[in-house]
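Please work through the exercises below with the sequence and the model open side by side. Each task is followed by a solution that goes step by step.

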Amino acid sequence: GGAGNVSYENTHNKFLSLRYQLGATIHGGSAFGYNLTNGFARSVPMYFVTAGVQTTGLLVFHATGIRRQFLNIIAGPMLRYQLTSSPDIYQYYNTLTQYNPLLRDGYYVIREINPHIFTLGYRVVLESQFINTEKLSFGLQAGFQNDTNGDVLTKLGIVIRRAWRNKKEID
């Protein structure tokens, strides 16, 4: 899967700021396939894709101060819209057995799917800026998010940030 965000951050003091983000995610998954131990019967798992757009308002605590930003602890609420091909209710029918391997392969029957979903959730992030200049900073970010649909996304990524005003103005 993948994710990307565009952010605006409003600094309140040396240790606290508020970050507004607009982001997008895409990830895939699969349902379990069926496999007999004798190797005669097996199925291909059903694959699905979920793509989403989300907005968050995050409180950022700069543990080492706004100038260094070596450790940022970030958390806040999230509103998410997603489109998915993952079924809510489905069944797998296996017609292939070890006693009759000539029948057709098993198949899935999709009973219910809700492709468009709006959810509320939260996001928690640890972030570190290793290279931090007056205008640019580079670092790593590890995050976790959960929503009311039960979707859990973990993220590990690179952060590239450009300041539109000088950080010395904040001190």
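The exercises concern a predicted model, and they deal in turn with confidence, one residue and two pockets.

**Exercise 1.** State the mean pLDDT of the protein, and find which elements have the lowest and the highest mean pLDDT.

*Solution.* Begin with the whole protein, whose mean pLDDT is 82, with 81% of the residues reaching 70 or more. Then turn to the elements, among which strand S5 (residues 89–93) has the lowest mean, 77, while strand S4 (residues 72–84) has the highest, 94.

**Exercise 2.** Locate Arg161 and describe which residues it touches.

*Solution.* First, place Arg161 in strand S9, which covers residues 152–162. Next, leaving aside residues up to four places away in sequence, list the contacts of Arg161, which include Glu9, Arg19, Gln69, Asn72 and Glu127. Finally, examine the side chains of Arg161 and Glu127, which are joined by a polar contact of 3.0 Å.

**Exercise 3.** Describe the largest pocket by its volume and its lining.

*Solution.* Start from the volume, which is about 910 Å³. Of the 32 lining residues, those closest to the centre are Ser7, Glu9, Arg19, Arg161 and Arg162. Strand S1 makes the greatest contribution to this lining, giving nine residues. By class, the lining of the largest pocket comprises 12 nonpolar, 10 polar and 10 charged residues.

**Exercise 4.** Repeat the description for the second largest pocket.

*Solution.* The second largest pocket holds about 190 Å³ of space. Its lining has 13 residues, and Thr50, Gln82, Thr84, Ser86 and Asp151 are the closest to the centre. The elements that give two or more residues to this lining are strand S3 (47–62), S4 and S9.

Technical notes
Residues are numbered from 1 along each chain as its sequence is written. This is a predicted model: local features need pLDDT of at least 70, side-chain atom pairs count only at pLDDT 80 or more; totals for chains, interfaces and linings use all residues. Side-chain values use heavy atoms; hydrogens and water are left out. Helices (H or I, at least four residues) and strands (E, at least two) are DSSP runs, numbered from the N terminus. Contact means heavy atoms within 4.5 Å. A polar contact is a pair of N or O atoms within 3.5 Å; within protein, one must be able to donate a hydrogen and the other to accept it, and residues adjacent in sequence count only if both atoms are side-chain atoms. pLDDT is the predictor's confidence in each residue, from 0 to 100. On a 1 Å grid over the protein atoms alone, a cavity is a set of points where a 1.4 Å probe fits but cannot get out, and a pocket is an open set with protein on both sides within 12 Å along at least five of seven lines; lining residues have an atom within 4 Å of a point. Grid points are joined across faces, edges and corners, and a volume is the space filled by probe spheres set on the points. Ala, Val, Leu, Ile, Met, Phe, Trp, Tyr, Cys and Pro count as nonpolar, Asp, Glu, Lys and Arg as charged, and the others, Gly among them, as polar.
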